Amino acid sequence: MKKLSSLLGTTILAVGLTGILSGCGKEEKAAAPAAPAAAPVPELIARKDLFGNPSRNGASISPDGASVAFLAPRDGVMNVWVAPIGQIDAAKPLTADTERPIRRFLWAPDGSSVLYLQDKGGNEDFLLYGVDVATAQTKLLTPFEKTTVQIVGISDKVPDAILVGLNNRDERWHDVHKLDLKTGKLTLVYKNDGYAGFDADKNLTLRLASKPLPDGGVQVERMDKGGKNTPILTIAAEDVLSSGISGIPVEGGVAYLLSTAGRDKAALYTLDLKDGATKLLAESDKADIGGIMANPETGEVEAFNVDYMKDEWTPVGDAVAADIAFLNEQAKGQWGVTSRSRDDNLWTIAIDRVTEPAAFFLYDRKAKSLTRLFTVRPNLEGKTLAPMQALEIPSRDGKVLVSYLTLPPNADANGDGKPDQPLPLVLNVHGGPWARDSFGYHSEHQWLANRGYAVLSVNFRGSTGFGKGFTNAGDLQWGRTMHDDLIDAVDWAVKNGVAPQDKVAIYGGSYGGYATLWGMTNTPDRFACGVDIVGPSNLNTLLASVPAYWAAFFEQLARRVGDPRTDEGKVLLTERSPLTYADKIAKPLLIAQGANDPRVKQAESDQIVAAMKAKNIPVTYALYPDEGHGFARPTNRTSFYAVAEGFLSHCLGGRQEPVGTDFDGSSLQVLEGSDYVPGLKDALAVKK
């Protein structure tokens, strides 16, 4: 089982992922040195260029290295395309989804088909499809209702089958099946009545099972022949979010393990599958080891990454040491490997240089050449994009908050990292909360900076990647020290001349939406306005309505948010729910929700909107009937950002692109408060 990722999740608003309000020059006075000329105001970048469909995205090389698959629009919907290597413009569409964008795909082990996952309307009931590369015929491989498919195992050693997890028998637990990719036949491998996940070796033999424990910990068990499972490792509850299995190499006697047992930062170990003994392979004193790069044939670990302020890859041994050195020199930005051919000569690489759109490249190891495949958003090429600063902001109790600040281009003439004059600030809070913000191109940062705002993203306590002590410091601290960290970051920005105290907005999705609601209800004097996207307002109803297949993680939720099964827990959850304080809201608030959200149900937004209406408190409420935990359809994304842009412009005074046709084709419904955003009602009246 991999490390448990954020289950409340970051909001899916952009696929994959300027201007100052006035000139910086001062009036020249007689007999005084000439002041620098006013910085030019950058072109207003269209929302559709930032948030509409990318031109291409997500390159993945076929196992034989002959073709590359990627996502690109087909009749306005992101689908899978395939092109011969070196002939990207000869690409042909492979899939033909007409409703929702495909966001995750992978090659079948033999390269004859491409597999992809798709849900309906954002309900996260992801089913698995296969499409034949030669004929483009698509087949639903898991024809079940109310089922969320998991990919358990895939290996080139077994070219015609994969392992999948299906919760169609018991929605809480995923039974493991072997799926024959040629015939579509599903064969039960393991009936699951209480395991969070499984790990298979290169032969698709289940080797490890991870069982959630009553205290929130996880017991890793060796799966022996005859159906017997033998415990070999216990991951303590405090280590669960930063520990987990990261693969089993062909040799098969060990697994790779990321663990914080007996230490603060996650290190990389081998785990002996016979006796559970561990051996240290790599560690960092700055941040957790976040993941590994493994050989596609042997599964042997060859490198690991650590993301403190920026992401860095370090080789393990010599196998890819020269490649990492080459990419570090040639990429001129952060890079990541997205796929490797079976012979390991060709890699696809994503490169992020922040101030230009991300691009995918083909790396030839033998030739030591890096060739551009495509730019994700070519419409942004030549545009003035904003740089990002990585910062360390101190909290009031001595913690270090790794944060990221983006200023509008031309707002910092002397290059000291601070604007020439304080700017309206948008505090952009990440979801999760067991996730993190990272350095790189960020579509919302670029959008907001282009409109004239400073943008600050903060890794508050509870965020992952900085050691278990920092993550666990957020336990039971929703609305307490987690929020204090956000306030401390705002205070830092005000003190350092980044923003005036009365021109700060709070904005975020999922947990970031919760933080917005908490800020508007409990620190209303600190924010001029707020934007909440799929944020929970009532922690009791949130935890009472989580998906059934979160059963394996529920003890962690109770431990870290509050336990709804106890009287004490219910009191705490009520105390930390923004809904409890809805009558304290005194500043403009925009709420956006997907009607099919399985994580943060529509009731979370409905409740606080109703409470505000009962107190005659203004609120603007946007609902998307065909979306879930975030907005996947490009017309919905651009329409939301058009609403949010008008809202923020009215509140903070930033630049605004006219709505134009950005509402057309969207499912946007403004259920409340269209009058509170200037021009919104008129734009809705002409929506097509």
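In this predicted model, Cys-529 has a relative accessibility of 0% and therefore counts as buried, since the cut-off for that class is under 20%. Its partner is Cys-651, to which Cys-529 is joined by a disulfide with an S to S distance of 2.3 Å, and a distance of that kind satisfies the criterion of sulfur atoms within 2.5 Å. By this rule the count comes to one disulfide. Because Cys-529 lies in strand S33 while Cys-651 belongs to helix H11, which covers residues 634-652, the pair ties together parts that are 122 residues apart in sequence. The torsion about the S-S bond of Cys-529 and Cys-651 is about -100°, so the disulfide is left-handed. Cys-651 has a relative accessible area of 15% and is likewise classed as buried.

Strand S33, which spans 529-533, also leads to a backbone feature, for Val-534 is placed in the loop between this strand and helix H7 (539-544). Although Val-534 is not a glycine, its phi is positive, at about 45°. The relative accessibility of Val-534 is 0%, so this residue counts as buried.

A positive phi is also found at Glu-124, a residue other than glycine, where the angle is near 65°. Glu-124 sits in the loop between strand S6 (113-118) and strand S7, and with 13% relative accessibility Glu-124 counts as buried.

The two strands that flank this loop are part of an open sheet of four strands, arranged in the order S5-S6-S7-S8 with antiparallel pairing. Strand S5 (104-107) and strand S8 (138-140) stand at the edges, and because each has a single partner strand, one side of each is left without a neighbour in the sheet. From one strand to the next, the twist averages 25°. At the S8 edge, the antiparallel contact with S7, which comprises residues 127-132, consists of three bridges; for Tyr-129, the bridge partner in S8 is Leu-140.

One further point of backbone geometry concerns a peptide bond. The bond from Gly-432 to Pro-433 is cis, with omega near 0°, and Pro-433 itself is located in the loop that lies between strand S30 (425-429) and helix H3 (443-450).

How values were computed:
Residues numbered from 1 in each chain as written. Predicted model: local features only at pLDDT ≥ 70, side-chain atom pairs only at ≥ 80, totals over all residues. Heavy atoms only, no water. Pairing = 2+ DSSP bridges. Axes fitted to C-alpha atoms, helices over the stretch in contact; angles between N-to-C directions. Buried < 20%, exposed > 50% of the residue type's maximum accessible area, 1.4 Å probe, protein only.
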